[in-house]
Amino acid sequence: MFFLAPYVILLLFGESFSGAIPIVRVMSVIPILINANTCTSNLYMFNYGHERAWASLNVSGLLIFLAVAYLLSLQLLNAAIAVAIALIARECFVLVVSAGFFLVFGTARVRIPATQGDGKARASDVAAGSMLASPTSAVPPWRGQLRSER
């Protein structure tokens, strides 16, 4: 996108749209960040018991986006570039925090090797256990609340 987009813009839309080239070049890193965030934030955090942290992270990301977009729009002449940089800042923040959650909670799950029939640990069992084990308690907090309300 960084290298080919200027030629595509000029070919399809003409010289009058050449002002979009710097914006597209700044935004070229966004798809990579969004895909990484999908894996670490949406797929890991939301599905493995970190729903509240995931929601707080998304709200924090929105606040960072708004603050950076506002501050950069005062400094830069092109407000569209300021918004693109603010989106990159938001995605980087979410990626760093969600990757930290994955490294702390996701990789440190299995401390004791799994054994099968003969008492020997198998690397595939340990790896499978680390992917399937949940970092939270066996009973999710909302189920405990339902039992207390009955």
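Biologist: Let's fix a term before we start: rings of Phe, Tyr and Trp (its six-membered ring) pair if their centres lie within 6.5 Å. By this rule, how many aromatic pairs does the count come to?

Modeller: Bear in mind that this is a predicted model. Going by that centre-to-centre cut-off of 6.5 Å, the count of aromatic pairs comes to three.

Biologist: Take F13 and F17: is that pair stacked, edge-to-face or tilted?

Modeller: The ring centres of F13 and F17 are 5.4 Å apart, with the planes at 50 degrees. Stacked needs under 30 degrees and edge-to-face over 60. An angle of 50 degrees fits neither, so the F13 and F17 pair is tilted.

Biologist: And are those two rings' residues buried, exposed or partly exposed?

Modeller: Buried would take under 20% relative accessible area and exposed over 50%. F13 comes out at 49% and F17 at 45%. Both values fall in between, so F13 and F17 are each partly exposed.

Biologist: What about F101 and F105, how are their planes set?

Modeller: Here the centres lie 5.5 Å apart. The planes are at 35 degrees, which is not under 30 and not over 60, so this pair is tilted.

Biologist: Which helix do F101 and F105 lie in?

Modeller: They sit four residues apart, about one turn of the helix. F101 is partly exposed at 21%, and F105 is partly exposed at 35%. The helix holding both spans residues 79-106 and is α5.

Biologist: Over to helix α1: A5, P6 and I9 are buried there, so how wide an arc do they cover around the axis?

Modeller: Helix α1 runs over residues 5-13, with A5, P6 and I9 buried. Their directions from the axis put them on the same side of α1, because the arc is only 105 degrees.

Biologist: Which residues are exposed on the other side of α1?

Modeller: Turn α1 round from the side with buried A5, P6 and I9. The exposed residues over there are Y7, L11 and L12.

Biologist: What is included in the cover over the buried residues of α1?

Modeller: Those residues are A5, P6 and I9. Their cover includes residues 21-27, that is, helix α2.

Biologist: Which residue just after α1 takes a positive phi?

Modeller: Helix α1 covers residues 5-13. Just past it, a positive phi of about 90 degrees turns up at G14.

Biologist: Last one: how many disulfides does the count come to?

Modeller: A disulfide needs two cysteine sulfur atoms within 2.5 Å. As for cysteines, C39 is partly exposed at 48%, and C92 is partly exposed at 33%. By the 2.5 Å rule, the number of disulfides is zero.

Conventions:
Residues numbered from 1 in each chain as written. Predicted model: local features only at pLDDT ≥ 70, side-chain atom pairs only at ≥ 80, totals over all residues. Heavy atoms only, no water. Buried < 20%, exposed > 50% of the residue type's maximum accessible area, 1.4 Å probe, protein only. Helix = DSSP H or I, 4+ residues; strand = E, 2+ residues; numbered from the N terminus. Arc of directions from axis to C-beta. Contact = heavy atoms within 4.5 Å.
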